2 protein chains.
Amino acid sequence: MRKEGLLIVLSGPSGCGKDTIISQVLNHLGDDGFLSVSMTTRPRRGTEIDGVDYYFVTPEQFRENVENDLMLEYAQYGANFYGTPVGPVKHLLAQGKIVILNIEVQGGKNVRRLMPDAIEIFVAPPSLQELERRLINRGTESRDAIDRRLLIAQAELRCAADYDYIVINDVLEDAVEDILAIIRASGLKQEHAMHRISEVMNHAES
Amino acid sequence: MRKEGLLIVLSGPSGCGKDTIISQVLNHLGDDGFLSVSMTTRPRRGTEIDGVDYYFVTPEQFRENVENDLMLEYAQYGANFYGTPVGPVKHLLAQGKIVILNIEVQGGKNVRRLMPDAIEIFVAPPSLQELERRLINRGTESRDAIDRRLLIAQAELRCAADYDYIVINDVLEDAVEDILAIIRASGLKQEHAMHRISEVMNHAES
């Protein structure tokens with residue numbers, strides 16, 4: 001149906017439910033949808049598979065990718081680097097697939113630079129109070145860590161203006177439907193769909 | 001949910017099913033959706049109601065609207081003029097409504113000029129052969145008239161590149177879902193949804 005694929009970038013404050021949204025969106029997309037695999041310098045753990053969970057590389061390999069402008073975005077956490085290599089994404093797009101990227105808010109700018117056709121979606125919580133409740137309910141972080149996340153979230157919300165679309169994750173099902181509508185509409189954009197007009201004009205009687 | 005409404009323009013060759021698509025889309029939208037009412041200089045017939053079926057005006061009134069740049073688009077058929085007055089459209093948009101405009105392909109350019117935020121959708125048949133079949137099945141026109149419509153359709157298909165979205169009406173239900181996805185996604189565009197981020201940041205605990 002589509003000649004080239006679609007690159008869908010999802011960003012938003014930690015705790016706003018991106019992971020759950022993405023797994024439900026991927027369920028709907030079936031064979032058409034792929035979650036981009038990140039590259040990391042951290043050691044492989046237990047059952048993790050190279051190329052599925054992460055691309056596991058050495059710090060030197062990671063640095064080479066960055067220097068050759070082959071990373072859509074990357075960030076450092078502690079001693080380790082994490083990022084999105086552009087190669088596998090372009091490979092999937094060339095096959096007409098829908099590739100979903102789950103990245104940090106700051107990473108969006110570099111994706112826009114390297115992949116100007118990317119559809120960038122900012123996922124926001126319905127309120128900062130609700131975000132706080134969700135972070136507390138996770139039960140995985142100290143009060144200090146949660147307060148830090150809320151401060152970061154406030155700064156990140158100001159970046160929403162740089163995104164193409166804004167989805168508020170209040171009711172999960174609605175947010176999933178929002179993302180699916182954005183994906184469906186994006187495939188119908190004139191620049192993606194003009195080849196179909198040529199088909200209409202040249203279609204031979206079958 | 002939305003601060004300003006959305007103006008959705010549908011154009012495409014005669015016989016590609018716009019009227020049916022629009023009536024189904026309006027069913028889905030319920031109280032949020034409105035079909036724009038045209039203005040005409042032709043006399044009112046039988047049960048037609050002014051302001052519902054058409055705005056019935058004199059040729060002088062129509063001309064004044066055109067001269068004052070108050071028509072989104074207009075065209076002459078035989079001795080009569082038909083067009084879309086901008087006033088009622090703006091009134092509905094200010095109420096946050098979704099207004100659907102069903103217009104001739106050539107009218108799109110003027111709508112873009114007066115309402116640059118309009119979402120313009122080109123509806124195309126799956127093939128010229130299928131369009132011919134549909135026009136024949138209507139049974140309302142002579143072979144000559146159908147041939148003329150097919151020639152015009154070919155010229156109109158070339159204008160698809162000027163539209164924001166392209167929807168192929170092969171299976172009606174899919175085309176309706178396409179339009180609904182475009183409408184849903186359009187409401188999530190950053191420029192329409194930024195006020196929601198302000199709400200997220202300023203939302204008081206309730």
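**Close-up views of chain B and its meeting with chain A**

**View 1. Helix α3 rests on two strands of chain B.** In this predicted model, helix α3 of chain B, made of residues 86-94, lies across β5 and β6 of chain B. Its course makes an angle of about 25° with β6(B).

**View 2. Here is the sheet that carries these strands.** Chain B holds an open sheet of 4 strands, and their order is β4-β3-β6-β5, with mixed pairing. Look for the edges: β4 (55-56) and β5 (71-77) of chain B each have a single partner strand, so one side of each is left without a neighbour in the sheet.

**View 3. β5 and β6 of chain B run as antiparallel partners.** Strand β6 of chain B covers residues 80-85, and 6 bridges join β5(B) to β6(B). You can pick out one pair by name: B:Tyr77 has B:Asn80, in β6(B), as its bridge partner.

**View 4. A further helix, α2, crosses strands of chain B.** Helix α2 of chain B (residues 59-67) lies across β3 (39-40), β5 and β6 of chain B. Relative to β5(B), helix α2 runs at about 135°.

**View 5. Chain A meets chain B.** Here 32 residues of chain A are in contact with 32 residues of chain B. On the chain A side, α5 (128-138), α6 (143-157), β9 (165-168), α7 (172-187) and α8 (190-202) each supply at least two of the touching residues. The largest share belongs to α8(A), with 7 residues. What kinds of residues make up the side of chain A that touches chain B? They divide into 21 nonpolar, 5 polar and 6 charged residues.

Methods:
Residues are numbered from 1 along each chain as its sequence is written. Chains are lettered from A and ligands numbered from 1 in the order in which they are written. This is a predicted model: local features need pLDDT of at least 70, side-chain atom pairs count only at pLDDT 80 or more; totals for chains, interfaces and linings use all residues. Two strands pair if DSSP finds at least two bridges between them. Two residues are in contact if their C-beta atoms, placed from the backbone, lie within 7 Å. Axes are lines fitted to C-alpha atoms, for helices over the stretch in contact, and angles run from 0 to 180 degrees between N-to-C directions. Ala, Val, Leu, Ile, Met, Phe, Trp, Tyr, Cys and Pro count as nonpolar, Asp, Glu, Lys and Arg as charged, and the others, Gly among them, as polar.
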